[in-house]
Amino acid sequence: MNARTCEDYTRVAEEAKKLGWEFMGHAYDQMPIHKVEDQRQMINRSMDILERFTGTRPVGWLGPGLTQTLETPRSWSTPALKYIGDWVYDDEPTVIRTAKGPLVTLPYTVEINDITMMIVQHHESEHLLRRAKDQFDRLYDEGKDRPKIMALAIHPYISGQPHRIKYLEQIYDYVSRFDGVLHWNGAQILDWYQGVAGKKLGVAAE
């Protein structure tokens with residue numbers, strides 16, 4: 001969430017808080033990070049606002065439009081930040097080294113992403129459903145031997161449109177039919193990953 005949402009659209013942010021949604025850092029304004037003069041100041045300001053609003057400092061970060069630079073990891077000065085989604089890895093978490101220590105990268109996607117498909121590529125509304133099912137089927141099959149994560153990137157102003165939302169609902173209906181499927185947010189995936197693999201990588205849960 002852009003931190004400014006807590007200031008300018010408080011009712012929206014309050015509803016997300018009431019529903020127990022995870023608040024991830026997503027800059028202060030919706031603008032490319034490489035155009036921000038002081039990344040460190042912007043990131044800290046964003047996280048401070050989200051912490052004051054929710055009572056908990058976010059553990060995750062996803063920059064607007066995946067516009068991180070090589071300087072971005074050096075700009076995080078808070079040990080509370082545990083994971084990022086800016087590196088588009090397909091279906092498993094990884095760990096990168098930063099000046100502040102190891103940082104977990106969680107899967108994000110531009111392939112199963114309504115901005116890419118609907119706004120950039122101009123596919124028909126049902127295309128999201130078809131591609132998501134194909135993605136899920138392959139990962140579910142591979143997941144028999146090694147857990148896989150399917151990222152689904154959606155935006156209310158796109159997938160929430162009346163002519164698209166039924167296809168989004170069908171995605172969730174479809175994957176929920178399969179045994180062993182879990183619907184997790186970033187913090188929940190992080191906790192799982194740290195518990196399973198973190199100790200070997202030096203990022204054990206605190």
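**Exercise 1. Find which residues line the largest cavity in this predicted model, and sort them by type.**

*Solution.* Start with the lining itself: D114, M118, S125, L128, S159, R164, Y167 and L168 surround the largest cavity. Next, sort these residues: 4 are nonpolar, 2 are polar and 2 are charged. Then look at where they sit along the chain. Two helices, α5 (114–120) and α8 (165–175), each give at least two residues to this lining. Finally, add the volume: the largest cavity holds about 40 Å³ of space. The structure has 1 cavity of 30 Å³ or more.

**Exercise 2. Work out which residues of α8 are buried, and why they lie on the same side of the helix.**

*Solution.* Buried means under 20% relative accessible area. In α8, that picks out Y167, L168, I171, Y174 and V175. These residues span an arc of only 125° around the axis, so they share the same side of α8. The general rule helps here: an α-helix has 3.6 residues a turn, so residues three or four places apart point the same way. Now ask what the buried residues of α8 pack against: their partners are α6 (127–142) and α7 (156–159).

**Exercise 3. Trace the order of the strands in the open sheet, and find its edges.**

*Solution.* Read across the sheet: its 4 strands run in the order β1-β2-β4-β3, with mixed pairing. The edges are β1 (60–61) and β3 (94–98), each of which pairs on one side only. Now zoom in on β1: with β2 (residues 83–84), β1 pairs in the parallel sense over 2 bridges. One detail to check in the viewer is W61, whose bridge partner in β2 is I84.

Key. Residues numbered from 1 in each chain as written. Predicted model: local features only at pLDDT ≥ 70, side-chain atom pairs only at ≥ 80, totals over all residues. Heavy atoms only, no water. Pairing = 2+ DSSP bridges. 1 Å grid on protein atoms, 1.4 Å probe; cavity = no way out; pocket = protein on both sides within 12 Å on 5 of 7 lines; lining within 4 Å. Points joined across faces, edges and corners; volume = space filled by probe spheres on them. Nonpolar A, V, L, I, M, F, W, Y, C, P; charged D, E, K, R; others polar. Buried < 20%, exposed > 50% of the residue type's maximum accessible area, 1.4 Å probe, protein only. Arc of directions from axis to C-beta. Contact = heavy atoms within 4.5 Å.
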